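Me: I should be grateful for a close look at one part of the protein shown below, followed by an account of its surroundings.

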Amino acid sequence: MADKKEREYVCAYGKNCLHHGEKVKASESVVISNKHYHWDCAGMKQEISDCVNTYMSYIDDKTQFPIVCRIINTLVFKNKVPVEFVKKSIENSRLYYSSKPVQVLYGIRKMFWEKEFRV
Ligand SMILES: [Zn+2]
């Protein structure tokens, strides 16, 4: 690296940062809405946003958006369900999710653990 004084940023993904708050170099960061992210944090943010948007496209009540964001973030960050699994589950079950209350999304956690520990 030629530039020793390269600017570093605190990743805008905050507590969800996949690098536990380690700073990101300007040249290695991804900028979204003027905020700097690690490339993989930006990818994760995008994946989660895809899950939320897919789910939201199934339901009419758009006021559920913040709850859906919160549930999907909980599944991925707290319950450690891989985001690809969440995405697939939502994509494959349009009929199911469109006819059930938003809280059934928590069922993805159970689906994941059952699949993971199947004998
Ligand atoms: Zn980060």
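Which residues does Cys51 touch, not counting residues up to four places away in sequence?

Reply: The model is a predicted one. In it, Cys51 touches Ile72, Val83, Val86, Lys87 and Ile90, once residues up to four places away in sequence are set aside. Cys51 also belongs to the largest nonpolar core, a group of 15 residues. Cys51, Tyr55, Ile72, Leu75 and Val86 are the members with the most contacts inside that core. Helix H1 (39-58), helix H2 (65-78) and helix H3 (83-91) each contribute at least two residues to this core. H2 gives the largest share, namely five residues. In soluble globular proteins, nonpolar side chains tend to be buried together.

The helices that supply this core may be taken in turn, beginning with H2. This helix has 14 residues and spans 19 Å from its first C-alpha to its last, close to the 20 Å expected at 1.5 Å a residue. Its buried residues are Val68, Ile71, Ile72, Leu75 and Val76. These residues lie on the same side of H2, because they cover an arc of only 125° around the axis. Pro66 and Lys78, on the other side of H2, are exposed. The buried residues of H2 pack against H1, H3 and helix H5 (107-116). Lys80, which follows H2, has a positive phi, near 60°.

H3 can be described in a similar way. Val86, Ser89 and Ile90 are its buried residues. They too are placed on the same side of their helix, since the arc that they cover around the axis is only 95°. The cover over the buried residues of H3 includes H1, H2, helix H4 (94-98) and H5. Two of these buried residues, Val86 and Ile90, are among those that Cys51 touches.

A second core, separate from the one around Cys51, consists of seven residues. Among them are Tyr13, Val24, Tyr37 and Cys41. Tyr37 also takes part in strand pairing: in strand E4, Tyr37 is the bridge partner of Val30. Strand E3 (residues 29-32) and strand E4 (residues 35-38) run antiparallel and are joined by four bridges. They form a hairpin with two residues between them, and Ser33 in the turn has a positive phi of about 50°. Asn34 is likewise found in the loop between E3 and E4. The phi of Asn34 is near 65°, a positive value in a residue other than glycine. Asn34 is exposed, because its 6 other C-beta atoms within 10 Å fall within the limit of 12 or fewer. Most residues other than glycine have a negative phi.

The loop between strand E1 (8-9) and strand E2 (24-25) contains His19. This residue has 12 other C-beta atoms within 10 Å and is therefore exposed. Leaving aside neighbours within four places in sequence, His19 is in contact with Cys11 and His38. His19 and His38 are 19 residues apart in sequence, and their C-alpha atoms are 8.1 Å apart in space. His20 is found in the loop between E1 and E2 as well. Its phi is near 50°, a positive value in a residue other than glycine. With 7 C-beta neighbours inside 10 Å, His20 counts as exposed.

Ala26 has its place in the loop between E2 and E3. It counts as exposed, because it has 12 C-beta neighbours inside 10 Å. Ala26 is in contact with Glu6, Arg7 and Tyr9, apart from its neighbours within four places in sequence. From C-alpha to C-alpha, Ala26 and Glu8 are 5.5 Å apart in space, although 18 residues separate their positions in sequence.

These parts may now be set in the whole chain. The protein has five helices and four strands, and from the N terminus on its elements run β-β-β-β-α-α-α-α-α. Buried residues make up 22% of the 119 residues. Of the contacts with a separation of 6 or more, 49% are between residues 24 or more positions apart. The radius of gyration is 17 Å, whereas a compact globule of 119 residues would have a value near 14 Å. Along the principal axes, the C-alpha atoms fill a box of roughly 55 × 40 × 20 Å.

Key. Residues numbered from 1 in each chain as written. Predicted model: local features only at pLDDT ≥ 70, side-chain atom pairs only at ≥ 80, totals over all residues. Buried ≥ 20, exposed ≤ 12 C-beta atoms within 10 Å, placed from the backbone. Contact = placed C-beta atoms within 7 Å. Core = buried A, V, L, I, M, F, W, Y, C linked by C-beta atoms within 7 Å. Pairing = 2+ DSSP bridges. Rg over C-alpha atoms; globule rule 2.2 N^0.38 Å. Expected span 1.5 Å × (residues − 1). Arc of directions from axis to C-beta.
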